[in-house]
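Got your viewer open and a selection box ready? Here is a walk through the model, one stop at a time.

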Amino acid sequence: MENNRNFFLAIALSFVVLLGWQYFVAAPQMQAEKVRQEQIAAQQAATQSQTDAQSGTVTSPAGNSAVVPGVQIAGAVPQTTAAVLAQSVRIDIDTPKLSGSINLTGGRIDDLHLNDYRETLDKDSDTIVLLSPSGSATPYYAEFGWVAGSTDIAVPNANTVWSASDSAKLTLDTPLVLSWDNGAGLKFIRTITVDKNYLFSIDQKVENSSDAAVALYPYGLISRHGDIKTSGLYILHEGLIGVAGDDGLQEVDYKDLAESRIETPAKSTQGWVGITDKYWATAIIPPQGQSFQPTFRYSEVAGKPAYQSDYLGDAVGVAAGSSGSYKTALFAGAKEVAVLDAVQSTTSAYNFDLLIDWGWFYFLTKPMFAVIDYLYGMFGNFGVAILLVTVGVKAIFFPLANKSYASMSKMKMLQPKMEEIKKTFADNKEGQQKAIMELYKNEKVNPLAGCLPILIQIPVFFSLYKVLYITIEMRHAPFFGWIQDLSAPDPTNIFTAFGLIPWDPPSFMILGIWPLIMGITMFVQMKLNPAPTDPTQQMIFNWMPVIFTFMLATFPAGLVIYWAWNNSLSILQQATIMKKHGAKVEIFQNIKDSFSRKKKPE
């Protein structure tokens, strides 16, 4: 029993250390680093000259420098997005899910709002701004074009002013057609369409009326500037991302790219490149089956860090008197599972569903989401779906849990005999262990039988945790009562008397109702077993629910509700099995014992 208890204790302590490190050490360090980077960026912006701002450059996929429009402004201080948008002629984007505009200068898609999502629960709050123009506080845009095979061929660049009809507007039913003539026999035509799933299609056509053939290399890039806020959790990737054929999934953190400056996966005929946040993403999908070179780059523009995901395709030969074309797709929107699956089906983008960070247990995580999403569609409440899935998981593992709790019940019934052995061999540890093992053998009890089922369930628990944390479907999803956003922490706090005391307590004094319920259920579950005889172990077990309660208080409410519900089901299950096997359920006595002073065993 002692070995079994120590095994459980080691697992629990490891979990406490991991969560504690994230909560008390890693999170404050990340916040301090964030503040430091903001101060450095502010100092750089203050000392950046007007000349520097007007000559800001980024690297094109072909290795050439291209002037970035939008940084040619007075001084290095960013303008408001509205002011930048007013400086250029634009074509409106108007779909049920998207609104914004395309800049005729450079033909960039650099102004995009997600109509279905808002910053807060307030219906009047601003919609999510995904893309912003260069020159604003947070530039983030997509650009497409050609790189010439020789320097004497003029191709459109970031400063090119494209032509469009006076009534041009991009909607689900009306494509946008842009054109530009280089004056030397090449006419560039770009047709942009958009569908209901945040998917843009960019068809680039070149008409060659000159008397010589040309070779042009198609490229696409997504560029993002500034100090980018991330959640900072190790279970979630936020940064540059892509899939490159046999090289598989590429995940590049902002910090790592700033150090390496450039990362170049192997050339591929399948895949895509982009930038991802927790809930939103942009990704360029070259035509699958055609060779392209993906690259992730870091540079600085107007004193700001600039991160870029791009690709360069193989040359498209355009003979004299003929035309050539190249078609690319751009996803820019919310990472809804059904939407990403639809995009993958439409474009044949290889492993496009990996734009969502399903994690190591992909084979468990995605099916688990499918079940939750199905139940959500049936009952209309994500919280109810979580509760039902928890019941389902408990049912699947019932045989293992039954074996585990049965073994624990037998171990509990052997407790008096084990105490007698300890007294008999008080000064002989070797004899004590031998006698205990003999007792296990005679009673046909396996002390590790209660541990194995728990270890098997760890991947399932982590997968469910992952699903609840990363999926946008839970964002701003209400439960019941005061929980109006399952992706946010419980808004109540006992240290403010649930809002009656008007003060803002420090982060370690945030404790809502659901975290408190979770802590109580965890405490009761632990008290189903007799208190450890070792005072140190007893103290650790008594304080563990308190530590978990405060640590989980800042977690999304959906996770805390799941944990509390799972604990409640485990209490009911364990108590029932213990009674079935003749073991006494002494919860209240164990609680009383844990708070009473006991003499140390002789």
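## First stop: a buried asparagine

Start by selecting N493. Setting aside residues within four places in sequence, N493 is in contact with F498, P505, M509, I510, L511 and G512. Show those as sticks too, and bear in mind throughout that this is a predicted model.

Where in the fold are you? N493 sits in the loop between α11 (452-470) and α12 (513-526). Is N493 buried or exposed? Its relative accessibility is 7%, so N493 counts as buried.

Now look at what the side chain does in there. A polar atom of the N493 side chain lies 3.0 Å from the backbone nitrogen of F495. The side chain of N493 also reaches the backbone nitrogen of L511, at 3.1 Å. L511 is on the contact list above as well.

## Zoom out: the whole chain

Switch to cartoon for a moment. The protein chain has 15 helices and 20 strands. Of its 602 residues, 51% are buried. Take the contacts between residues at least 6 apart in sequence: 66% of them join residues at least 24 apart. If you put a surface on, you are looking at about 28400 Å² of accessible area, with 58% of it belonging to carbon and sulfur atoms.

## Into the core

Next, select F200, F331 and F352. In the largest nonpolar core, which has 114 residues, these three touch the most other members. Centre on F352 and show its surroundings: beyond its neighbours within four places in sequence, F352 is in contact with W272, A283, I285, F331, L340, V343 and Q344. F331, another of the three, is on that list.

There is also a second, separate core to visit. This one has eight residues, among them L414, M418, A435 and I436.

## A small residue in a helix

Select A564, which is found in helix α14 (residues 557-580). With a relative accessible area of 2%, A564 is buried. What does A564 touch outside its own stretch of sequence? Not counting residues up to four places away, the answer is W514, I517, M518 and T521. Try a distance label here as well: from A564 to I520, C-alpha to C-alpha, you should get 8.5 Å, for a pair 44 residues apart in sequence.

## Charge pairs

Time to colour by charge. The structure holds 11 salt bridges, and three of the pairs make a good side trip.

**D277 and R224.** The closest N and O atoms of this salt bridge are 2.8 Å apart. D277 lies in the loop between β15 (271-276) and β16 (280-285), while R224 is in strand β11 (residues 214-225), so the bridge ties together parts 53 residues apart in sequence. Both ends are tucked away: D277 is buried at 11% relative accessible area, and R224 is buried at 13%.

**K169 and D94.** Here the closest N and O atoms are 3.4 Å apart. This pair links distant parts of the chain, 75 residues apart: K169 is in the loop between β7 (140-148) and β8 (176-181), and D94 is in strand β3 (residues 90-94). Are these ends buried or partly exposed? K169 counts as partly exposed at 35% relative accessibility, and D94 counts as partly exposed at 39%.

**D353 and K366.** Measure this one in the viewer and the closest N and O atoms come out 3.1 Å apart. D353 is in the loop between α5 (337-347) and α6, and K366 is in helix α6, so the pair ties together parts 13 residues apart in sequence. D353 counts as buried at 5% relative accessibility, as does K366 at 18%, since the cut-off for buried is under 20%. Add D341 to the selection before moving on: D341, D353 and K366 are linked in a network of salt bridges.

## Last stop: a greasy patch outside

Stay with helix α6, which covers residues 362-379. Select Y374, M378, F379 and L388 and turn the surface back on. Together these four make a nonpolar surface patch of about 440 Å². Which element gives the largest share of the patch? Helix α6 does, with three residues.

Finish on M378, which is found in helix α6. M378 has a relative accessible area of 48%, so it counts as partly exposed.

Terms used: Residues numbered from 1 in each chain as written. Predicted model: local features only at pLDDT ≥ 70, side-chain atom pairs only at ≥ 80, totals over all residues. Heavy atoms only, no water. Patch = residues over 30% accessible without salt bridge, like charges linked within 9 Å, V, L, I, M, F, W, Y side chains within 5 Å. Areas by Shrake-Rupley, 256 points an atom, 1.4 Å probe, with all protein chains shown as cover. Salt bridge = Lys/Arg side-chain N within 4 Å of Asp/Glu carboxyl O. Helix = DSSP H or I, 4+ residues; strand = E, 2+ residues; numbered from the N terminus. Buried < 20%, exposed > 50% of the residue type's maximum accessible area, 1.4 Å probe, protein only. Core = buried A, V, L, I, M, F, W, Y, C linked by side-chain atoms within 4.5 Å. Contact = heavy atoms within 4.5 Å. Polar contact = N/O pair within 3.5 Å; in protein donor to acceptor, adjacent residues only side chain to side chain.
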